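I opened my notebook to keep track of what I looked up, one entry at a time. Here is how the session went.

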Amino acid sequence: MDQATSTAAHWRGILQQGRAELRRRYLDNGNGPALLRGHSRLVDGLLESIWRQAALPASIALVAVGGYGRKQLYPGSDIDLLILLSAPLNDALGQKLEQLVGLLWDIGLEVGHSVRTLDECLEEAADITVQTNLLEARFLAGNRPLSQNLADAVLESLNVRAFFEAKLLEQQQRHARFHDTAYNLEPNLKESPGGLRDLQTILWVSRAIGLGDSWQQLAATGIITAREARQIRRHELFVENLRIRLHYLAKRREDRLLFDYQSPLAEQYGFADNPPRKASEQLMQRYYVTAKAVGLFNEILLLSLRDRIFPADGQSIAPIDAGFQARNGLLEIADDNVFQRDPGAILESFLLLQRHPELGGMSAATLRAVWRAAPKISAAFRREPRNRQTFMEILREPRGLTHELRRMNQLGVLGRFIPRFGRIVGRMQHDLFHVYTVDEHIMMVVRNLRRFTVPEFAHEYPLASTLINDFDHPELLYLAGLFHDVAKGRGGDHSTLGAADALRFCKRHGLSREHAEMVAWLVGNHLVMSATAQKQDLSDPDVIAAFADRVRDQRHLVALYLLTVADIRGTSPNVWNAWKGKLLENLFRATRRHLAGGAAPLETHLQARQAAALSILRLYALDGDAHQALWAKLEPSYFLRHEAQEIAWHSRILYGKVDTAQPVVKARLSPAGEGIQVMIYTPDRDDLFARICSFFERTDFNIVEAKIHTSRHGYALDSFVVLDEANRSAQYRDLLGFVEYELAQRLTQAAKLEPPLQGRLSRHLKHFPITPEIAIRPDEKGVYHVLSVVAGDRPGLLSRIAQVLLKHRIHLRTAKISTLGERAEDAFLITGDELENTKAVLRLETDLLQQLQT
């Protein structure tokens, strides 16, 4: 072993032994601050000794920066170092420093380093991240006066106002990366809104203006009270300890609170499963409550620091009423005892912000006062007619509702005024498609409903925007949004329980019987339209008639459509797509026609559909009888289950090819606005659906709908809508050509059917698995059977189902594929002799369950 290797091994041993002892002590006593300081001291000692042995020039300095600079070194964090030079770097020194950094990596220190002169540091400090790192610089070894010169120069060159604005912008951009919410199911403990970085931002600004770099120092200056300092520190300690334990569990730097770690961490914190709540859900609810408090303190303190940094030249004060005034563009309480004298003013403060658009928000003093006064919202407060009226006025105001409801939630007001809402604050939803907590999802739904009313966003959802602007009393929709998931986690059907809560609330708040029943009906039925659109055959007049009977009238239909779109949009940025939008719109329009004119005979539907298709065909200058050869081979059910434009497309493509022996595959961009529509026309075969599913899955396409039709002369005319999982739409012409050629080739070849893909389960499914559910029942007409499947979505899922159906000689008529996040809810209309035999149906169900569980 050479000298360099021996030296590295020596230091590595010291580092490993020291870290092991720190870990042992921490797991024994749980003292996070001691661990962070101890880790910093351990690394300090190593670096100082190595620096001395390296015999580097006395003119340079080794400086700790970043989190290491402030002595907060987490188990998996990088060691951020600045090697400060007194003169530009030369080759000889560069080589020595290169060897030094190599040694540090060899002994197990993950070093992030920079080598700069003092002038270069100040030049680089134009970048806000570099400037912040330098603000926390701490001398380690070498030339101490040079390090002090750097600290002095950084403070001297610091433009406090520019620094504040830059840190504020940096925070806004960081929050935007997490969709401006602290309530993601896998939050980042450091970067997410409500994370450690929000607290660090406050202290960076405080340090920049000379008010100190600790909560105790801020309390001494009067920015916060001693009680608030203790509260902030308690929240900070919780997240710090969570991050320390996360690093130890992951055995690396990992700041995302992934599902993989939530249950082990919950166990370490002493949480246990308490059905229906898992231990991990209890831990995460505590985290979300902490994150909400951190976000509130961040807002209050940054406002207070802004007042120090940007003192108004002349105080602009305008009285609003007896309790409030406008000061420099913010709502301010007239005195500190407003809410003690008049608790009803708590709700009025939010209403005033809605009615005074010139106000940019609440002042720090007002935010504090509302937060402290929130416990005054008691049962007596909720019974007070004035307060009930104020809350309803907030819902009826034409502007500012989303902002104020969010502010009420953050300050703890909303959960106290609606106690049922308070119970779901921070509650997780492990249903594989909601990515937010229940309260945050509810806020998203109300926000989406409000967004429909804003003219600037009318292009996003034109139908929804048109409908809501003609809807009287939109506050009924907002109430339905507030209550639609309020009974989650309570046990039982949350729609039914939530409807009862909503009805009670509406009656107590003076709504008419008609309006109260409308809100309760919406809450109780908020899942019905989505389920009908995505799981049932919308070409079946009986399906439309049954749905129309349930909604009763046009007003209920409009309200349910608006709530459904807002609800799906509020589950996750990835759940909504144009295809789901088209299904909902088709159901809405078909139901509206039914309600307007009653049920028309099937023959009338068929003739109208054919006439519309012929009208489209005439645009292509085809012979007047060009369609007849194909149409003569098709059953009436084909025309009822396909839209006119789709019938015309099929007829045009298959003109002259009705008896072709070769498969005809044609693809186009879906008229729904997203995805690809694919037509397959070929002599029918038992394994056709399984082969088509296999092709699409192996080429990264996700099937969302399949319509299967067998002609009178034994040809399959199948129509699929698929979404491009690989997002290759930029080259869509090549993509369409690829699908047409490759799928036709696969159907021409007589190769053995490929086994389903064996895709890996996602992390979410791995930790929160869905027990597969299979149901087979006759349809209402007794002609077909309906196969319903609920399972965790995974590659190869549809092929597995198709191959089981093939094995049991079951024929598919239609497939509605609904994927909500990672939860698949599929419905198939099927036929087959085995379906008439109870034992055979049981074997089919058993085989399907076995395939879905492997």
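**Entry 1: the whole chain**

I started with the secondary structure, and the protein chain comes to 39 helices and 15 strands. I'm noting right away that this is a predicted model. Next I looked up the extent: along its principal axes, the C-alpha trace spans about 95 × 80 × 55 Å. The chain has 854 residues, and 55% of them count as buried.

**Entry 2: strands β1, β2 and β3**

I went to strand β2, residues 79-85, and checked how covered it is. Here 6 of the 7 residues are buried, so β2 is largely enclosed by the rest of the structure. Then I asked myself which strands β2 pairs with. One partner is β1, which pairs with β2 in the antiparallel sense over 4 bridges. I picked out a pair of residues there: Ala64 stands opposite Leu81 in β2. The other strand I found is β3, residues 111-117, joined to β2 by 7 bridges. This time the two strands run parallel. In this pairing Ile83 stands opposite Val115 of β3.

**Entry 3: strands β5, β6 and β7**

Next I moved along to β5 (residues 317-319) and β6 (residues 324-327). They run antiparallel, with 3 bridges joining them. They form a hairpin, and 4 residues sit between the two strands. I jotted down one facing pair, Pro319 and Gln325, the latter in β6.

β6 also pairs with β7, residues 330-333, in the antiparallel sense and over 4 bridges. For Phe324 I looked up the bridge partner in β7, and it is Ile333. β6 and β7 make a hairpin too, with 2 residues between the strands. Asn328 caught my eye in that hairpin, as it takes a positive phi near 50°.

**Entry 4: two alanines with positive phi**

That got me looking at other positive phi values. Ala55 has one of about 55°, although it is not a glycine. Where does Ala55 sit? I found it in the loop between α2 (32-53) and β1 (61-64). Buried or exposed? Ala55 has a relative accessible area of 53%, and the cut-off for exposed is over 50%, so it counts as exposed.

Ala621 also has a positive phi of about 55° without being a glycine. Its place is the loop between α31 (602-617) and α32 (628-631). With 70% relative accessibility, Ala621 is exposed.

**Entry 5: a negative patch**

On the surface I looked for charges that gather together. Asp119, Glu120, Glu123, Glu124 and Asp127 form a patch of negative charge there. I followed up on Glu123, which belongs to helix α5, residues 118-124. Its relative accessible area is 61%, so Glu123 is exposed.

**Entry 6: Leu463**

Last stop was Leu463, in helix α23, residues 462-469. Is this residue buried or exposed? Its relative accessible area is 13%, and buried means under 20%, so Leu463 is buried. I also looked up how far apart Leu463 and Gln99 are. In sequence they are 364 residues apart, and in space 66 Å, C-alpha to C-alpha.

Terms used. Residues numbered from 1 in each chain as written. Predicted model: local features only at pLDDT ≥ 70, side-chain atom pairs only at ≥ 80, totals over all residues. Heavy atoms only, no water. Buried < 20%, exposed > 50% of the residue type's maximum accessible area, 1.4 Å probe, protein only. Patch = residues over 30% accessible without salt bridge, like charges linked within 9 Å, V, L, I, M, F, W, Y side chains within 5 Å. Areas by Shrake-Rupley, 256 points an atom, 1.4 Å probe, with all protein chains shown as cover. Salt bridge = Lys/Arg side-chain N within 4 Å of Asp/Glu carboxyl O. Lys, Arg positive; Asp, Glu negative; His and termini not counted. Charge placed at Lys NZ, Arg CZ, Asp CG, Glu CD. Pairing = 2+ DSSP bridges.
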